[in-house]
Amino acid sequence: DTERQREAVVEALENVTARLDEEKSHLTDLDSAIGDADHGANMTRGFRKANEKVQDMDEADPAELVKTIGVTLVSEVGGASGPLYGGSIMSASQAFSEEGITAETSVAFAEAYLEKVQDRGGAEIGSKTMVDALTPAVHTYKKSIETDDLEPLEALAKAVDAAERGVEFTTPIRAKKGRASYLGWRSVGHQDPGATSTLYIMEELLATAQT
Ligand code: ADP
Ligand code: MG
Ligand code: MG
């Protein structure tokens, strides 16, 4: 069972990395409009390295693997997204340490991840950041599992839909956090890169869970 979960984490990471590679220039374009044009490179560099790291961790449990992904992103990526993605994954990985990956622990992971992103970055809904994709996704996931009693796969599909709407919401609003906020009103009309990469990652988690 631990072995299956280990394989699932490795497979999800491979799928996420391949997707970010595919979307690299799109993410760079988004970041060149309202940032410094490195989000595509940041994400692909971080996730490729994380991929390498987990390949030789045959003995690790899911929590250790997920933690390693976070640690690697922190050390490889830098900028705003390194500590936000990496630090939050690192810390939220504790949710898997006792019982591995279950419906319940996956909700705990998602909630802890969102909480860390907000603690570190200070962004709220409407700041035009990854938080705009993440917040509705995490709330939808939690409600789908805990209140509506859906299977994790269905819950994740609903969370992806919510994240997609969150990404769309970033376009018409003005940035209040991160580099894009330096542009003030000129950030209006551009989709947020970090919200977009968050959606891609979630879509790949769903695709992995569906196979
Ligand atoms: P940098 O801005 O350092 O070049 P990236 O380009 O890799 O880093 O990432 C930019 C993304 O990080 C933004 O699109 C936004 O989603 C996210 N971001 C930036 N600052 C914050 C923050 N304070 N809170 C949450 N997310 C943030
Ligand atoms: Mg950037
Ligand atoms: Mg940068």
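The shell around ligand 1 is a mix: eight nonpolar residues, 10 polar and six charged. (Nonpolar here means Ala, Val, Leu, Ile, Met, Phe, Trp, Tyr, Cys and Pro; charged means Asp, Glu, Lys and Arg; polar means the others, Gly among them.) Keep in mind that this is a predicted model, where local features need pLDDT of at least 70, side-chain atom pairs count only at pLDDT 80 or more, and totals for chains, interfaces and linings use all residues. Residues are numbered from 1 along each chain as its sequence is written, while chains are lettered from A and ligands numbered from 1 in the order in which they are written.

**Around ligand 1**

- In total, 24 residues surround ligand 1, each with its C-beta atom, placed from the backbone, within 6 Å of the molecule.
- The closest are Gly 79, Gly 121, Thr 129, Gly 178 and Gly 194.
- Helix 3 (39-55), helix 5 (81-92), helix 6 (103-121) and helix 9 (193-210) each chip in at least two shell residues; helices are DSSP runs of H or I, at least four residues, numbered from the N terminus.
- Helix 9 gives the most, with three residues.

**Two unusual backbone angles**

- Most residues other than glycine have a negative phi.
- Lys 128 isn't a glycine, yet its phi is positive, at about 65°.
- You'll find Lys 128 in the loop between helix 6 and helix 7 (131-146).
- Lys 128 counts as buried because it has 28 C-beta neighbours inside 10 Å (the cut-off is 20 or more other C-beta atoms within 10 Å, C-beta atoms being placed from the backbone; 12 or fewer is exposed, in between is partly exposed).
- Asp 149, also not a glycine, has a positive phi near 60°.
- Asp 149 sits in the loop between helix 7 and helix 8 (152-170), and is exposed, with 10 other C-beta atoms within 10 Å.
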